[in-house]
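Work through the following exercises with the sequence and the model side by side, attempting each task before reading its solution.

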There are 2 protein chains.
Amino acid sequence: AAVRHRYPNCNVVGIGRNRERLSFATDKKLLTSWSDSICSSAIPEKSLGIVCLPVDQIAAAVRQLLDCGCELVTDAGSVKASVYSDLGDVSALPFVGSHPIAGSEHSGFEHADSNLFEGRKCVVTTMPGSPPKERSDNVDRVVAFWESIGSIVHLMSPEEHDRVLALTSHLPHVLAAVASGCVGVEMLPFTGTGYRDTTRIAAGSASLWASILQGNSKHCIDAIRTAEALLKKFREALEAGDSILVEELWEISAQRRRMLQ
Amino acid sequence: AAVRHRYPNCNVVGIGRNRERLSFATDKKLLTSWSDSICSSAIPEKSLGIVCLPVDQIAAAVRQLLDCGCELVTDAGSVKASVYSDLGDVSALPFVGSHPIAGSEHSGFEHADSNLFEGRKCVVTTMPGSPPKERSDNVDRVVAFWESIGSIVHLMSPEEHDRVLALTSHLPHVLAAVASGCVGVEMLPFTGTGYRDTTRIAAGSASLWASILQGNSKHCIDAIRTAEALLKKFREALEAGDSILVEELWEISAQRRRMLQ
């Protein structure tokens with residue numbers, strides 16, 4: 001939607017499994033053409049391929065797109081190191097990883113929003129092992145693509161991306177799932193807007209999130225341990241009746257959060 | 001604001017510490033008069049007192065309002081059993097506890113919203129030890145008050161309220177604080193809308209929240225233990241590389257959350 005809105009003459013080819021939905025998205029002018037398989041005839045010359053699949057399926061699709069003639073491929077996965085390692089010797093491949101930090105718990109073209117990326121961060125990853133600021137021509141082109149639809153791009157190594165996102169995205173998702181999972185159905189009428197907001201992202205797809213958490217398991221495990229330690233601090237302060245410590249713990253988190261506003 | 005909007009002829013007396021802000025709120029037509037102390041001269045005959053203070057200060061204010069001539073007093077505190085126990089022999093007092101499940105992380109009359117209670121739940125508590133459905137005249141009057149400004153009222157015992165709200169409200173606040181506290185300042189640029197929503201309620205007042213958590217410490221400790229156990233399940237599933245279990249854990253929480261929509 002973002003490309004179609006800004007560049008009406010640009011071909012946007014949709015590749016997926018569900019012919020009916022692809023056809024419907026084309027009727028809605030979100031695609032210029034579609035195919036239900038990755039094949040050379042579907043892919044125009046000098047195409048940029050953008051893989052939007054669960055992270056454990058990205059590498060295979062990248063290889064197929066390159067085999068079928070894409071000039072350069074990127075993705076939109078929430079983890080990066082495992083995609084590069086799944087690809088094997090990536091230095092020979094025209095692939096550059098991306099992670100647009102934008103989206104919602106909804107999926108499907110019905111929720112397409114041409115302004116989704118406007119002013120939002122997008123991480124573009126440098127080749128694993130290369131200096132963090134080294135920008136190949138391919139990296140430059142992927143950066144230019146995201147900037148052209150309104151994103152603010154940051155370069156990171158895949159490993160650095162995964163460490164940071166484990167804390168800024170994957171952990172909050174797990175904590176949202178925990179907040180949701182602790183409330184029995186019979187208690188739902190007594191939830192307020194706080195519960196609603198805190199748990200919103202827990203409504204996302206289970207297969208998608210299992211794949212993200214598993215794909216970044218090393219850093220997610222570390223992040224969960226960090227959260228367990230802080231949660232234990234809150235509990236022990238309450239057990240000790242130490243209101244001052246409870247208030248201090250709260251205030252550290254509150255100050256952090258207020259910086260966002 | 002809700003009363004002033006619906007019942008323009010009803011007196012709404014504001015009692016607080018800050019004369020300047022009370023005067024300003026009166027200029028803004030949110031109050032009909034104000035006082036900087038709880039005293040008989042400030043309180044019209046047959047008044048309903050509504051104590052909106054941190055939970056550890058509620059009982060003292062209830063006693064003062066009754067001493068100064070309020071006919072009946074309620075409150076808006078997020079915990080209930082500790083308020084009743086602070087009051088001592090409550091059966092002799094015209095006090096009925098309330099907890100309107102509505103609000104935001106903001107405080108101050110600048111954020112007053114006359115529709116805040118419209119369609120929102122409000123718990124009104126029955127006398128401790130009395131049958132849960134027993135409604136005294138005083139309970140009926142407090143129920144009628146909240147309904148008159150749009151609330152949907154549920155009756156609960158103070159103990160039941162605290163057990164349920166520990167899971168539906170207090171725990172999500174602690175988890176939001178944990179999600180916020182785990183992210184370093186340098187990582188804030190790489191947070192998205194998920195982090196923003198999940199941590200919104202962590203920006204609330206530290207003294208207010210320390211007082212709520214401490215005032216409901218028994219049930220909050222139990223709730224935090226429940227969350228720690230679920231968080232550990234997620235971590236151990238990731239450590240074992242058990243994607244199916246990760247997906248199952250996620251799906252239980254996701255289904256729960258989707259019931260809200």
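The exercises below treat the symmetry, the interface, the nonpolar cores and the salt bridges in turn.

This is a predicted model, in which local features need pLDDT of at least 70 and side-chain atom pairs count only at pLDDT 80 or more, while totals for chains, interfaces and linings use all residues. Residues are numbered from 1 along each chain as its sequence is written, chains are lettered from A in the order in which they are written, and side-chain values use heavy atoms, leaving out hydrogens and water.

**Exercise 1.** Determine by what turn and shift chain A can be laid on chain B.

Solution. Superpose the copies by least squares on the C-alpha atoms of residues with pLDDT of at least 70 in both; a turn of 180 degrees with a shift of 0.0 Å along the axis then lays chain A on chain B with an RMSD of 0.1 Å. That is the relation of a two-fold axis. In chain A, the C-alpha nearest this axis belongs to Thr198(A), at 1.9 Å.

**Exercise 2.** Describe the contact between chain A and chain B, and state how much area is buried there.

Solution. Taking contact as heavy atoms within 4.5 Å, count 84 residues from chain A and 84 residues from chain B. Next, take buried area as the accessible area (1.4 Å probe) that two parts lose on being put together, summed over both; the value is about 8000 Å², with 68% given by carbon and sulfur atoms. Of the area that chain A buries against chain B, Phe190(A), Trp250(A) and Arg257(A) supply 11%, more than any other three residues.

**Exercise 3.** Find which residues touch the most other members of the largest nonpolar core.

Solution. A nonpolar core is a set of buried (under 20% relative accessible area, 1.4 Å probe, protein chains only) Ala, Val, Leu, Ile, Met, Phe, Trp, Tyr and Cys residues joined through side-chain atoms within 4.5 Å. Of the 122 residues in the largest, the answer is Val178(A), Phe234(A), Val178(B) and Phe234(B). Phe234(B) touches residues of both chains, including Val174(A), Ile224(A) and Trp250(B).

**Exercise 4.** Explain why the salt bridge of Asp197(B) and Arg200(A) joins two chains.

Solution. A salt bridge is a side-chain nitrogen of Lys or Arg within 4 Å of a carboxyl oxygen of Asp or Glu, and here the N to O distance is 2.5 Å. Asp197(B) lies in helix 7 (residues 193-199) of chain B, whereas Arg200(A) lies in the loop between helix 7 and helix 8 of chain A, so the pair joins two chains; helices are DSSP runs (H or I, at least four residues), numbered from the N terminus. Arg200(A) is buried, at 15% relative accessible area. The count between chain A and chain B is six salt bridges.

Key:
Buried < 20%, exposed > 50% of the residue type's maximum accessible area, 1.4 Å probe, protein only. Lists of a residue's contacts leave out its neighbours within four places in sequence.
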